[in-house]
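Reader: I have a structure open and want to learn how to read it. Where do we begin?
Author: With a pair of helices. Take a look.

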Amino acid sequence: MKFSDETLMAYADGELDLVARAEIEAAMAEDPAIARAVERHRAFAARVKSAYGGVLEEPVPERLADLVKGPVAAPVVDLAAKRAERAEARATIGRWRLPQWSALAASVAVGLFVGMLLMRGPSAPYEESEAGLVARGELDDALTQQLAGSVGTGRVRVGISFRDRGGAYCRTFHLEREAPLAGLACRSGEEWKLQLLAAASAREGELRPAAAMPMAVLHAVDAAIEGEPLDAAAESAARDAGWRTNSDVAE
Amino acid sequence: MLPRLRRFARVITRNLQDADDLVQVAVEKALIRAEQWRPGSRMDSWMFGIMKNAWIDEIRARRRRERVHAPEEAGADIGDASAEARDIALSVQAAMARLPEEQRMAIALVLVEGFSYKDAAETLAIPIGTLTSRLARGREALQAILGDSGKAG
């Protein structure tokens, strides 16, 4: 029985199916030259791999690590200025709209990607569902219970609450952790669906939660919001009604 | 993830400076095209595919610029391994530097990253038969350069 070198390599790489594997193992038992060839391929593969092992131990240069930290612009949110800007944008002609929305789509995608890179693992405060990413754990709890601007004891701070053009409730949040995250979540059924996640800078103090809100989140709010952010009374009422909207009740 | 991207880049570009530049370009491209990544699919495979394409674009551009591109020797980028391990690593890296890009990429994915043939072929967007033949030719060439063809162990 004669095997090509390519077949023996595939065997050494664990790539052959059961039958082919059995044939080679039988041949190895009979012919030491075949066994040696397989061993040589295995040892060679290990040698090549170990030649590059050191790269994994090296510290990642800052310029690369910075890339996945994402947008960290941290302006203080001035809602009045934002409202004025928005009114101006609406007053201009309709062709403004499309680029605005595609910019939003791009920033949503970037935000989610950066979020996935930054925060994978079992303790992630969100998980993938058929509907996309939905909030879980402390993030879900805070979005459901916490009133905007209140200083809770957890790591999540809710920024503003508003209704989007489809009528659904949306809330911005800031999650304090080693690599702080900010984002926008909108109520969908019984869950908070994440619209955007972005790296944020650390909060400068308890009293300025808005200072850490990245531009990407602000843009997403701007593009999604219908009317004005909820005031404290409206927000409290919405929470007490379980964030259900009229269309939910009708269903 | 970043250390693995850097390792893959080191294998396919052959030097530290190019490798980190490639990682930077690839991450930037990935951030721009993040919506093309399908949740649930392998993110590493997707990133390596982006790196492969970015590197091929880069070498084409260089060849246009220079016509001849002499491979640089692998530099002092081995970390603090023992002298012997460093020599072996250097000789493997120097030998790798002499292989064609396509063989180097196949070796980078299968031998260094531990991808299955199927995943490696998908990452490089080539048929699996092409992958296995590039891998085999690359290995044979490497062994020949390193002078251990036919030797056991």
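Author: Start in chain B of this predicted model. Helix α5 (residues 101-112) of chain B packs against helix α7 (residues 128-146) of chain B.

Reader: How do I describe such a pair?

Author: Two packed helices are described by the angle between their axes and the distance between the axes. Here the angle is about 95 degrees, and the axes of α5(B) and α7(B) are 8 Å apart. Angles of 65 to 115 degrees count as roughly perpendicular. So α5(B) and α7(B) are roughly perpendicular to each other.

Reader: Which residues of α5(B) and α7(B) meet?

Author: From α5(B) come B:E102, B:Q103, B:R104, B:A106, B:I107 and B:V110. They meet B:L131, B:R134, B:L135, B:R137, B:G138 and B:A141 in α7(B). Sort this contact by class and you get six nonpolar, two polar and four charged residues.

Reader: What is the secondary structure of chain B as a whole?

Author: Chain B has seven helices and zero strands. Its elements run α-α-α-α-α-α-α from the N terminus on. Of its 153 residues, 35% are buried. Now take contacts in chain B between residues at least 6 apart in sequence: 61% of them join residues at least 24 apart.

Reader: How many residues are in the largest nonpolar core?

Author: It has 48 residues. B:A26 and B:M51 have the most contacts inside it. Helix α5(B) supplies the largest share of this core, with eight residues.

Reader: What does B:A26 touch?

Author: Leave out residues up to four places away in sequence. Then B:A26 touches B:L5, B:M47, B:I50, B:M51 and B:A54. Another core, of 37 residues, lies apart from this one; A:C170, A:A185, A:L197 and A:A223 are among its members.

Reader: That takes us to chain A. What does its secondary structure come to?

Author: Eleven helices and six strands. Buried residues make up 32% of its 251 residues. Among chain A contacts between residues at least 6 apart in sequence, 55% join residues at least 24 apart.

Reader: How should I read a strand?

Author: Think about its faces first. In a regular strand the side chains alternate between the two faces of the sheet. Then check burial and pairing. Take strand β5 (residues 181-188) of chain A: seven of its eight residues are buried, so count it as mostly covered.

Reader: Which strands does β5(A) pair with?

Author: Strand β4 (residues 169-175) of chain A is joined to β5(A) by six bridges, and the two run antiparallel. Within that pairing, A:F173 has A:G183 in β5(A) as its bridge partner. Strand β6 (residues 191-199) of chain A is joined to β5(A) by eight bridges, also antiparallel. There, A:A185 is paired with A:L194 in β6(A).

Reader: What lies between β5(A) and β6(A) in their hairpin?

Author: Two residues. Look at A:G189 in the turn: its phi is positive, about 65 degrees.

Reader: One last helix. Which residues of α1(A) are buried?

Author: In helix α1 (residues 5-12) of chain A, the buried residues are A:L8, A:M9, A:A10, A:Y11 and A:A12.

Reader: What covers the buried residues of α1(A)?

Author: The cover includes α2 (18-30) and α3 (32-51) of chain A, together with α7 of chain B. After α1(A) comes A:G14, with a positive phi near 75 degrees.

Definitions and conventions
Residues are numbered from 1 along each chain as its sequence is written. Chains are lettered from A and ligands numbered from 1 in the order in which they are written. This is a predicted model: local features need pLDDT of at least 70, side-chain atom pairs count only at pLDDT 80 or more; totals for chains, interfaces and linings use all residues. Helices (H or I, at least four residues) and strands (E, at least two) are DSSP runs, numbered from the N terminus. A residue is buried if 20 or more other C-beta atoms lie within 10 Å of its own, exposed if 12 or fewer, and partly exposed in between; C-beta atoms are placed from the backbone. Two residues are in contact if their C-beta atoms, placed from the backbone, lie within 7 Å. Axes are lines fitted to C-alpha atoms, for helices over the stretch in contact, and angles run from 0 to 180 degrees between N-to-C directions. Angles under 35 degrees count as roughly parallel, over 145 as roughly antiparallel, 65 to 115 as roughly perpendicular and the rest as oblique. Ala, Val, Leu, Ile, Met, Phe, Trp, Tyr, Cys and Pro count as nonpolar, Asp, Glu, Lys and Arg as charged, and the others, Gly among them, as polar. A nonpolar core is a set of buried Ala, Val, Leu, Ile, Met, Phe, Trp, Tyr and Cys residues joined through C-beta atoms within 7 Å. Two strands pair if DSSP finds at least two bridges between them.
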